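I'm opening a fresh notebook page for this one. Helix contacts come first, then whatever sits in the core.

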Amino acid sequence: MPEFWAGVDTGKAAHHCTVIDTDGTKVLSRRVPNNEAELLELIADVLALAESDPVTWAVDLNAGGAALLIALLAGHDQRLLYIPGRTVHHASRSYRGEGKTDAKDAYVIADQGRMRRDLQPLQD
């Protein structure tokens with residue numbers, strides 16, 4: 001059964017979401033404004049992409065700019081992991097590619113969610 005991980009580099013005005021599969025292959029990368037309509041569209045698109053396969057979401061903030069996204073994901077019964085920004089910063093050094101960008105950070109967040117087993121869900 002395929003599984004998908006959606007990493008979200010959160011911000012006050014906008015977020016960047018990258019979705020990867022079990023092999024770490026990027027299947028979606030998108031910047032979305034931090035508003036309910038756009039975030040609901042993103043969630044619907046990711047769930048449609050996954051069809052009935054599981055999606056694990058991961059964010060780098062657990063409050064502030066991420067609060068609306070977290071509430072919407074909870075309302076859709078989605079599994080959500082928190083990966084501290086410091087962890088993302090240190091992990092990103094081991095990833096090749098462009099320097100510090102929101103898209104790269106979103107990929108790192110998704111990939112860390114995929115690989116690490118020590119992360120606890122924000123809610124279950």
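I started with who touches whom between two helices, keeping in mind that this is a predicted model. From α1, I noted Glu-36, Leu-39, Leu-40 and Ile-43; they meet Leu-68, Leu-69, Leu-72 and Leu-73 of α2. I sorted the residues of this contact by type and got seven nonpolar, one charged and no polar.

Next I looked up how the two helices lie. α1 covers residues 36-50 and α2 covers residues 67-75, and they pack at an angle of about 45 degrees. Their axes are 10 Å apart. Angles from 65 to 115 degrees would be roughly perpendicular and those under 35 roughly parallel, so I wrote α1 and α2 down as oblique to each other. The crossing came out right-handed.

Then I went for the core. Which residues of the largest nonpolar core touch the most other members? My list reads Cys-17, Val-19, Leu-42, Val-55 and Trp-57, out of 21 residues. I checked where this core comes from: β1 (4-9), β2 (14-20), β3 (26-33), α1, β4 (55-59) and α2 each give two or more residues. α1 gives the most, with five.

Trp-57 deserved its own entry. Leaving out residues up to four places away in sequence, I found that Trp-57 touches, among others, Ala-6, Val-8 and Cys-17. Leu-42, Ile-43 and Val-46 are also among its contacts, as are Leu-73 and the run Gln-78, Arg-79, Leu-80 and Leu-81.

Last entry: I found a second, separate core of nine residues, including Ile-83, Val-88, Tyr-95 and Leu-119.

Notes: Residues numbered from 1 in each chain as written. Predicted model: local features only at pLDDT ≥ 70, side-chain atom pairs only at ≥ 80, totals over all residues. Heavy atoms only, no water. Axes fitted to C-alpha atoms, helices over the stretch in contact; angles between N-to-C directions. Helix = DSSP H or I, 4+ residues; strand = E, 2+ residues; numbered from the N terminus. Parallel < 35°, antiparallel > 145°, perpendicular 65-115°, else oblique. Left-handed = near helix turned anticlockwise from the far one by under 90°. Contact = heavy atoms within 4.5 Å. Nonpolar A, V, L, I, M, F, W, Y, C, P; charged D, E, K, R; others polar. Core = buried A, V, L, I, M, F, W, Y, C linked by side-chain atoms within 4.5 Å. Buried < 20%, exposed > 50% of the residue type's maximum accessible area, 1.4 Å probe, protein only.
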